[in-house]
Every structure is written in structure tokens, then in C-alpha cells.
Amino acid sequence: MIEIPNFVPSEVCLRCQGCCRFSEAQSSWSPNLTREERRSFPGAGYKLALEERGGGFVCSQFDPVSLECRRYADRPLECRLYPFVVHRKAGLAYLAVDRNCPFVAESYGSPFFTGILEAYRALCVSEEFRDLVRENPQIIQDYGGVEIVSPIGI
Ligand code: SF4
Ligand code: SF4
């Protein structure tokens, strides 16, 4: 499994409750699975199923009681990558960041976040990451409204 730095503190996410919940049944933000990940989610297609709950939708792996992911230790690449995403623009793949994540909004421009951007720029041009994206084009999506950080080179 590719190493992805986890920089958003879990207590911030538990307060925010933004991830894992979706406003639409067919949301481009719901997790896409890589070919390898599909094997560990029996019955899943290239997207994890969503379940209707409280007027919206939640990921089928989300535990509404603990508010945690049941598969946190081996959650999909896209979940480990967010608030970064693999964004498609004019047929090319870019690493982009979602500034709507409250933690990104608060820390953007700080020396801490500048260091995170550097770490992710290095990650996204690594051969391991490029190969993963090349082999899994379903994870490249037009997310609209995200900020491009770096071309991935594919
Ligand atoms: S939007 Fe950001 S702060 Fe909120 S749960 Fe997701 S990663 Fe955490
Ligand atoms: S797999 Fe886990 S982390 Fe990813 S969206 Fe579903 S509940 Fe959230």
C-alpha cells in the first residue's frame, strides 16, 4: 500500500463531520476503488456503495454510531488522499486540493501547510503514484472547484 501522509488531526475530522457523507446518491466525491482495493470490498464495483441516511447519503463503510470508518486501517486510496484529489482537466491528471476542507482552509498559507504541499507534490510525481493512477484511470475525475497543486505527468 502506498504511503500517504495523514496530516488532518482526527479530532478535527470528528468535529467537522464533512467526509464520508454525501448530498447525492451518485456523488463524484464518493470513493472510487482501485483494482486492488475492489478485491478487499467483496461485491463492490469501482465505487463504494452509499446508503441513504438522515436526508443524505453515507458511505457503506461509515459507522453512524462511532462516526468512524469501519475500514479505517485499510480505507481506500482516495480516502487516505483527501483533502487532496486526482483531478482531471483538459484530459490531463493533476493533484489538486479541496480548500473547502475546514482544516485546509485554516492552515492554507502557513509554513505547516506549505510543507504538506511539498510532500504531496513529491508524492504525486513518484513512479509508484504515477503507476497507480495510470493503472486506475477511474480515480481521475473532474472535481470542479478544487485548486491544482501539481501535474502528475500522465
Ligand atoms: S473535510 Fe477535512 S476536516 Fe472535515 S472531515 Fe474531511 S478531512 Fe476532516
Ligand atoms: S471508506 Fe471509510 S473513510 Fe472512506 S468514505 Fe467510506 S467511511 Fe469514509
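How do the residues of the shell around ligand 2 divide into nonpolar, polar and charged? They split into 9 nonpolar, 1 polar and 2 charged. Keep in mind that this is a predicted model.

Let's stay with ligand 2 for a moment. Around ligand 2 you'll find the cysteines C19, C20, C59, C69 and C79, along with P31, L48, Q61, F62, R71, R75 and P76.

Now for ligand 1. Its surroundings are made up of V8, V12, C13, C16, G18, C19, Y82, P83, C101, P102 and F103. Two elements, α1 (10-16) and α4 (102-107), each give two or more residues to this shell, and α1 gives the most, with 3 residues. C19 turns up around ligand 1 and also around ligand 2.

Here are the two shells by class:

| Shell | Nonpolar | Polar | Charged |
|---|---|---|---|
| Ligand 1 | 10 residues | 1 residue | no residues |
| Ligand 2 | 9 residues | 1 residue | 2 residues |

On to the cores. The largest nonpolar core has 18 residues, and F84, V85, V86, L95 and A96 have the most contacts inside it. At least two residues of this core come from each of β6 (84-89), β7 (92-97) and α5 (111-124). The largest share, 5 residues, is supplied by β7.

What is A96 in contact with, leaving aside its neighbours within four places in sequence? The list is F84, V85, H87, Y143, V146, E147, I148 and V149.

Apart from the largest core lies another one, of 7 residues, with C20, L48, L50 and F62 among them. Some names here may look familiar: C20, L48 and F62 are also among the residues around ligand 2.

Technical notes: Residues are numbered from 1 along each chain as its sequence is written. Chains are lettered from A and ligands numbered from 1 in the order in which they are written. This is a predicted model: local features need pLDDT of at least 70, side-chain atom pairs count only at pLDDT 80 or more; totals for chains, interfaces and linings use all residues. A residue is near a molecule or strand if its C-beta atom, placed from the backbone, lies within 6 Å of it. Ala, Val, Leu, Ile, Met, Phe, Trp, Tyr, Cys and Pro count as nonpolar, Asp, Glu, Lys and Arg as charged, and the others, Gly among them, as polar. A nonpolar core is a set of buried Ala, Val, Leu, Ile, Met, Phe, Trp, Tyr and Cys residues joined through C-beta atoms within 7 Å. A residue is buried if 20 or more other C-beta atoms lie within 10 Å of its own, exposed if 12 or fewer, and partly exposed in between; C-beta atoms are placed from the backbone. Helices (H or I, at least four residues) and strands (E, at least two) are DSSP runs, numbered from the N terminus. Two residues are in contact if their C-beta atoms, placed from the backbone, lie within 7 Å.
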